Amino acid sequence: MRDGDPIDTRLGARLAELRAQRGWSLGELAERSGVSRSTLSRAERAETSATAALLNRLCHVFGRTMSQLLSEVEAEPAPLVRAEEQQVWEDSASGFARRSVSPPHTGLRGELVEGRLTPGADIAYDRPSVPGLEQHLWVLDGTLEVTVGDTGHVLDAGDCLRMRVFGPTRFRCTGPGEARYVLAVVRP
């Protein structure tokens, strides 16, 4: 196991637990998710940090939002989470940082997430983590290109896009500065 972020270790253990609860082998999970057995194994053992795309595929298979999965590996839920205590997860390879703004609680349907994409960042999800997921994306800074299914949108600071996600989505920051946004997520 690598010496890394403790959240990666807890996340890997939770992914292994979710797989075991369903009685699936790594091969079965690989078939269901489209992720290789070796990548799944390394993620479960926290030998590598999971990417946003990998977590999205696994969340889809396990029927969870990314925030819900990440909240399951956080400490005891609290009604208030101070800014300095909010969990930040980074996919440095893709230029994506995600802050869980809402106090984590698995029993709630809504949550707030702050996203940051560096110039040139391009994240594509082949499916939502939970089909029918409602999202409200409010751009705070920069410009963000969002594609929902076959429909593209260019959002500038202050713009808000409401979407119900059933298929692929793509988030691109064309620059010149980073794009910072708030995403309100509501599970169906």
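By a cavity I mean a set of grid points where a 1.4 Å probe fits but cannot get out. With that term in place, let me turn to the structure before us, which is a predicted model.

I begin with the enclosed space. Three cavities of 30 Å³ or more are found in this structure. The largest of them holds about 350 Å³ of space. Its lining is made up of 22 residues, and those closest to the centre are Asn-56, Met-66, Tyr-125, Gln-135 and Leu-183. Which elements give two or more residues to this lining? They are helix H5 (66-72) together with strands S2 (96-100), S3 (110-117), S5 (133-141), S9 (169-172) and S10 (179-186). As for chemical character, eleven lining residues of the largest cavity are nonpolar, eight are polar and three are charged.

I now come to the sheet. In general, strands of a sheet pair through backbone hydrogen bonds, in either a parallel or an antiparallel manner. Here we have an open sheet of six strands, ordered S1-S2-S3-S10-S5-S8, and the pairing is antiparallel. Strand S1 (88-91) and strand S8 (160-165) form the edges, each pairing on one side only. On average, neighbouring strands of this sheet are turned by 20 degrees against each other, with direction ignored.

Let me look at one edge in detail. S1 and S2 run antiparallel and are joined by four bridges. Within this pairing, Trp-89 has Arg-98 of S2 as its bridge partner.

To connect the two topics: strands S2, S3, S5 and S10 are among the elements that give two or more residues to the lining of the largest cavity, and these strands also belong to the six-stranded open sheet.

Methods: Residues are numbered from 1 along each chain as its sequence is written. This is a predicted model: local features need pLDDT of at least 70, side-chain atom pairs count only at pLDDT 80 or more; totals for chains, interfaces and linings use all residues. Side-chain values use heavy atoms; hydrogens and water are left out. On a 1 Å grid over the protein atoms alone, a cavity is a set of points where a 1.4 Å probe fits but cannot get out, and a pocket is an open set with protein on both sides within 12 Å along at least five of seven lines; lining residues have an atom within 4 Å of a point. Grid points are joined across faces, edges and corners, and a volume is the space filled by probe spheres set on the points. Ala, Val, Leu, Ile, Met, Phe, Trp, Tyr, Cys and Pro count as nonpolar, Asp, Glu, Lys and Arg as charged, and the others, Gly among them, as polar. Two strands pair if DSSP finds at least two bridges between them. Axes are lines fitted to C-alpha atoms, for helices over the stretch in contact, and angles run from 0 to 180 degrees between N-to-C directions.
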